[in-house]
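The following note is intended for a colleague who is meeting this structure for the first time. Please read the points in order, with the model in view.

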Amino acid sequence: MARVIIIGGGASGLVSAIIARKKNHDVLILERNSICGKKILSTGNGRCNYFNDDQNIKHYHSCDEDFLSRIITDQRIEEVLTFFHQLGIIPKIKEGYYYPYSNQAISIQNTLVEEAKRLGVQIVYDTFVSLIKKDLSGYIIETVNETFQADRVILATGGMANPKLGNDGKGYSLAESLGHTVIKPLPALVQLNTTGRFLKEWSGIRADVKIKLCQDDQFVQEESGEILLTNYGVSGICVMQLSGFVARGLDEGKREQLVINFLPQFASNRQEFIQFMDDRNQLLSNRNISQLLDSILNYKLVHVLIKSASLAGSIRWDQLTIREKSILASCFVEFRLDVISTNSFQKAQVTSGGIPLSEIDMETMESKIVDDLYFAGEILDVNGDCGGYNLTFAWISGLVAGRVGENA
Ligand SMILES: Cc1cc2nc3c(=O)[nH]c(=O)nc-3n(C[C@H](O)[C@H](O)[C@H](O)COP(=O)(O)OP(=O)(O)OC[C@H]3O[C@@H](n4cnc5c(N)ncnc54)[C@H](O)[C@@H]3O)c2cc1C
């Protein structure tokens with residue numbers, strides 16, 4: 001039996017505490033907030049989307065992508081489901097997205113905290129860990145009021161997203177003080193600030209689009225779904241899915257451009273748009289270009305897109321030159337926006353970057369740099385798509401890290 005201290009009682013810390021206690025270790029969580037799992041309460045708009053049926057590895061991202069398939073294995077995914085089943089969590093599954101049946105995030109948070117307590121995990125709240133040292137007898141962990149000793153430590157302090165919930169990146173400096181490096185943490189799953197003459201005019205409009213990200217004119221990824229056009233740029237789940245790539249690209253000095261198709265159901269390129277408009281024009285004679293598009297897109301958006309082609313909505317389709325048709329087509333199906341920045345960590349749901357996977361043993365989540373130090377959760381350089389993937393990574397890494405010393 002070892003004395004295990006877990007720094008951070010969030011999603012991954014709670015799971016690793018439960019597993020470590022089941023292995024009969026003496027387990028203590030040090031948590032800076034006055035409750036454990038505060039962030040869990042905010043997840044999934046208060047409903048906690050804690051898992052997803054689609055566990056394709058493409059939903060997880062890291063600067064060391066090659067390591068991902070060694071952490072997120074089919075067996076570990078199964079273990080997550082078994083773990084929650086054994087805790088009595090019944091899922092409500094909507095299109096593969098898992099929520100607790102109660103539709104309340106507190107069901108997950110409370111179940112984890114109560115299970116940890118029931119097993120005898122000790123928790124010290126309102127305790128900010130400021131220093132870790134290692135000597136021959138083990139780890140010395142300093143907080144403002146007290147010093148703790150441990151044989152093994154699990155660092156589960158999360159990343160930097162949404163700092164008011166307890167994450168200010170302190171975990172990175174604790175890891176650095178023990179010899180680890182840190183891949184620059186950047187916001188992910190966050191809104192994008194763009195250039196654009198029409199941001200004020202289109203603010204508040206929602207549209208179902210296909211949206212492509214290009215870095216230095218090279219295609220990176222395409223998403224489809226609803227976006228929200230705002231006075232600073234764009235938001236919505238499919239935009240947020242691209243934001244991790246954007247943040248990293250901007251940090252590397254790349255040009256980040258979004259290419260939006262506002263009519264994906266009707267035309268996938270300029271030529272198809274022109275054909276579509278030819279057909280509409282034949283069907284609906286005596287209408288101007290604005291009227292031809294009226295029932296298809298938001299009225300205000302049609303106005304903005306026609307204006308961005310430097311045309312008047314009152315003009316008729318057959319009065320346009322070939323060049324004007326092509327310009328109009330590009331505004332509707334290849335609308336380009338340069339991204340200036342992502343929104344800050346305050347608005348981000350997760351962090352990209354963190355402790356490199358190359359410094360961790362994938363079998364145990366133990367540090368390769370220093371003995372008896374383990375990592376779990378968002379502090380590691382792994383971030384997932386929207387849809388339950390970030391919590392799934394927290395659960396998986398927590399389950400593995402919690403088996404501290406199993407292979408020692
Ligand atoms: C608004 C929002 C909605 C989200 N929705 C979803 C969702 O629906 N599905 C999904 O999969 N993911 C979602 N996420 C992401 C998910 O919540 C996180 O990826 C996950 O909680 C990370 O778990 P973790 O254990 O690494 O960190 P956390 O859960 O953040 O826990 C870290 C803990 O460490 C504590 N801590 C930090 N530093 C110290 C210190 N020095 N001393 C002591 N304690 C410390 C913190 O107070 C915190 O309690 C959402 C995130 C946000 C912000």
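**Notes on the structure**

1. Helix 13 makes the greatest contribution to the shell around the ligand, supplying four residues. The coordinates under review are those of a predicted model, and the points below should be read accordingly.

2. Helix 13 (389-401) is joined in that shell by helix 1 (11-22), helix 2 (38-42) and helix 6 (170-177), each of which provides at least two residues. In total, 38 residues surround the ligand. The closest of them are Gly8, Gly10, Gly158, Gly166 and Gly377.

3. Which classes of residue make up the shell around the ligand? Polar residues number 20, nonpolar residues 12 and charged residues six.

4. Turning to the chain as a whole, the protein has 408 residues, of which 46% count as buried. Its secondary structure comprises 13 helices and 23 strands. Along the principal axes, the C-alpha atoms occupy a box of roughly 85 × 45 × 35 Å.

5. Contacts that span long stretches of sequence deserve a remark. If one takes the contacts between residues at least 6 apart in sequence, 72% of them join residues at least 24 apart.

6. The chain is divided into two domains: domain 1 consists of residues 3-186 together with 353-401, and domain 2 of residues 191-343. Six residues of domain 1 and seven residues of domain 2 take part in the contact between them. On the domain 1 side, the touching residues are two nonpolar, two polar and two charged. Between the C-alpha centres of the two domains the distance is 40 Å.

7. How are the six strands of the barrel ordered? The barrel closes in the order 13-16-15-14-17-18, with antiparallel pairing. On average, and with direction ignored, neighbouring strands of this sheet are turned by 45° against each other.

8. Within the barrel, one pairing may be examined in detail. Strand 14 (residues 206-215) and strand 15 (residues 218-229) run antiparallel and are joined by 10 bridges. An example is Ala207, whose bridge partner in strand 15 is Ile227.

9. Helix 8 (residues 237-251) should be viewed together with these strands. This helix lies across strand 13 (192-194), strand 14, strand 15, strand 16 (233-235), strand 17 (256-261) and strand 18 (335-342). Relative to strand 15, helix 8 runs at about 140°.

Notes: Residues numbered from 1 in each chain as written. Predicted model: local features only at pLDDT ≥ 70, side-chain atom pairs only at ≥ 80, totals over all residues. Pairing = 2+ DSSP bridges. Axes fitted to C-alpha atoms, helices over the stretch in contact; angles between N-to-C directions. Contact = placed C-beta atoms within 7 Å. Buried ≥ 20, exposed ≤ 12 C-beta atoms within 10 Å, placed from the backbone. Near = placed C-beta within 6 Å. Nonpolar A, V, L, I, M, F, W, Y, C, P; charged D, E, K, R; others polar. Domains from an automatic or database assignment.
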